[in-house]
Amino acid sequence: MITERSKHLFEEAKKFIPGGVNSPVRAFKAVGGDPLFIQRAEGAYVFDEDGNRFIELINSWGPMILGHAHPIIENAVRGAIHDSLSFGAPTEKEVQMAGLITGMVPSVEKVRMVNSGTEATMSAIRVARGFTARNKIIKFDGCYHGHGDSFLIAAGSGAMTMGTPDSPGVTPGTAADTLIAAFNDLESVSRLVAENPEQVAAIIVEPVAGNMGCVLPAEGFLEGLRTICDEAGIVLIFDEVMTGFRLAPGGAQERLDVLPDMTTLGKIIGGGMPVGAYGGKKEIMDFVSPQGPVYQAGTLSGNPIAMAAGLAILQYLRNHNEVYSKIEETTATIVSGYREILKEIGKDYTINSIGSMVSLFFSEAPVTDMNSAKKCDTALFGRYFRGMLEKGVYLAPSQFESLFISTAINQAETDHILSATREVLKSIH
Ligand code: PMP
């Protein structure tokens, strides 16, 4: 595969952009090799600057659920740009958007638009803190909620009490207000709540984790969080930036039938435009300025182009339930193909999957939380990733990511993904 132009652009980029990229995982550090510079994408395929074509399994990390450059979204954006790109004033489209989100996501009664998932989660915990007049939050080791200071905290080994900053620049003061629990371990949550009486404002969780690879909640885990929050007056926040409108029209909360108090959304509700949102119960959301005392704002929030794209995709998803059956059938075919291949090579690697999310973990032990995810052979994943790229399949460049299947992936692409997987796995074992 010739990647000369990508290599040249990466060298140029490194002169002017830290690490040559505008978001770290794009640099392929976890898998080795240089990143590809993308020129365009269409349907199930993405094309790099050297003209190589790849089957797309990243899909902008989730939002391209209908594949790339889908005409309904393209037309909506084209239609909107003539009316100017931004006003910083209220528009009808924002009202329609809020109506769609509150109509589709079961627990959301009021919603505020922002510009990214990071903004959504940062704002949600501020509101939860304002609402409860408490300072601490509980997050789970391995769950990612964007790069807000409060979320860049990892569990120190065995230290499940106080967070330590995961990045220079996060102050110890901020870190001390983030408590780290283990995903799927209700006991670790109850302990933190008991040790910090009347101090925990919110528990934030990816209801299905996508950021340690795809990790499903164990039976009773989300229900248990709901009970703990109800008993201790804590705001339960589901971060559905990845799962929202993907696992069901109403997200993981609809699919798994557990309702949070607040929900954060991103990516998909802009159809690929930079968008996020947070919402929840009326009494909580009414704490947001200018209705309430908790300040949160944004010049570009509710941007008309982003709203046009978002309305187009959400309306489509609401009216076309077959989207979900299609992507889930494709995913099921991929999962059963993986199982067959693993049998052929005599490996019992773990496959976690729900709906249209799937991760193949290079570990024979179950992956149920960050500790078990860390046991994966990441070097082997790197070889698998590079082998797949050579064969024209663009996976997420990390073991700790989920694949996101789009409706543009048909039988031909599925067959190619599986035959490439078979060849690559045989060649690296
Ligand atoms: N929450 C979750 C669950 C995410 O997966 C992400 C990003 N992948 C974010 C929040 C942050 O979103 P953004 O990158 O748009 O800031």
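Two strands count as paired here if DSSP finds at least two bridges between them. Strands themselves are DSSP runs of E at least two residues long, and helices are runs of H or I of at least four, both numbered from the N terminus. With that in hand, take a look at β16: there, Leu403 is the bridge partner of Val358. Val358 belongs to β14, which is joined to strand β16 (residues 403–404) by 2 bridges, and these two strands run antiparallel.

A quick word on what you're looking at. This is a predicted model, where local features need pLDDT of at least 70 and side-chain atom pairs count only at pLDDT 80 or more, while totals for chains, interfaces and linings use all residues. Residues are numbered from 1 along each chain as its sequence is written.

Let's stay with β14 for a moment. Its other partner to look at is β13, and the two pair in the antiparallel sense over 5 bridges. Ile351 stands opposite Leu360 of β14. Together β13 and β14 make a hairpin with 2 residues between them, and Gly355 in the turn has a positive phi of about 55°. As a general point, strands of a sheet pair through backbone hydrogen bonds, either parallel or antiparallel.

Is β14 buried or exposed? A residue is called buried if 20 or more other C-beta atoms lie within 10 Å of its own, exposed if 12 or fewer do, and partly exposed in between, with C-beta atoms placed from the backbone. By that count 5 of the 5 residues of β14 are buried, so the strand is largely enclosed by the rest of the structure. Both of its faces are covered: Met357, Ser359 and Phe361 are buried on one side, and Val358 and Leu360 on the other.

Next door in the hairpin, Ile354 is found in strand β13. Ile354 counts as buried because 20 other C-beta atoms lie within 10 Å. Leaving out residues up to four places away in sequence, Ile354 touches Val208, Cys214, Leu216 and Leu247; contact means that the C-beta atoms of two residues, placed from the backbone, lie within 7 Å. Ile354 and Thr331 sit 23 residues apart in sequence, and their C-alpha atoms are 8.6 Å apart in space.

Now zoom out. The domain assignment gives domain 1 (4–57 + 321–428) and domain 2 (71–319), with bounds that come from an automatic or database assignment. Their C-alpha centres lie 26 Å apart. Where they meet, 20 residues of domain 1 are in contact with 20 residues of domain 2. On the domain 1 side, α11 (322–345), β13 (350–354), β14 (357–361) and α12 (370–373) each supply at least two residues. β14 gives the most, with 4 residues. By class, that side has 10 nonpolar, 8 polar and 2 charged residues. For these classes, Ala, Val, Leu, Ile, Met, Phe, Trp, Tyr, Cys and Pro count as nonpolar, Asp, Glu, Lys and Arg as charged, and the others, Gly among them, as polar.

There is another sheet to find: 4 strands form an open sheet in the order β1-β2-β3-β15, with mixed pairing. Its edge strands are β1 (38–42) and β15 (393–394), each pairing on one side only. Strand β3 (residues 53–56) runs parallel to β15, and 2 bridges join them. Glu56 has Tyr394 as its bridge partner in β15.

What about the inside? A nonpolar core is a set of buried Ala, Val, Leu, Ile, Met, Phe, Trp, Tyr and Cys residues joined through C-beta atoms within 7 Å. The largest one has 131 residues, and Ala128, Ala202, Ile203, Val235 and Ile237 touch the most other members. Helix α10 (residues 304–319) gives the most to this core, with 10 residues. The core draws at least three residues from each of the two domains. Setting aside neighbours within four places in sequence, Ala128 is in contact with Ala201, Ala202, Val235, Ile237 and Met262.

Finally, turn to the ligand. It is surrounded by 16 residues, the closest being Ser116, Gly117, Thr118, Gly146 and Val241; a residue is near a molecule if its C-beta atom, placed from the backbone, lies within 6 Å of it. Helix α4 (residues 117–132) gives the most to this shell, with 3 residues. The shell has 4 nonpolar, 10 polar and 2 charged residues.
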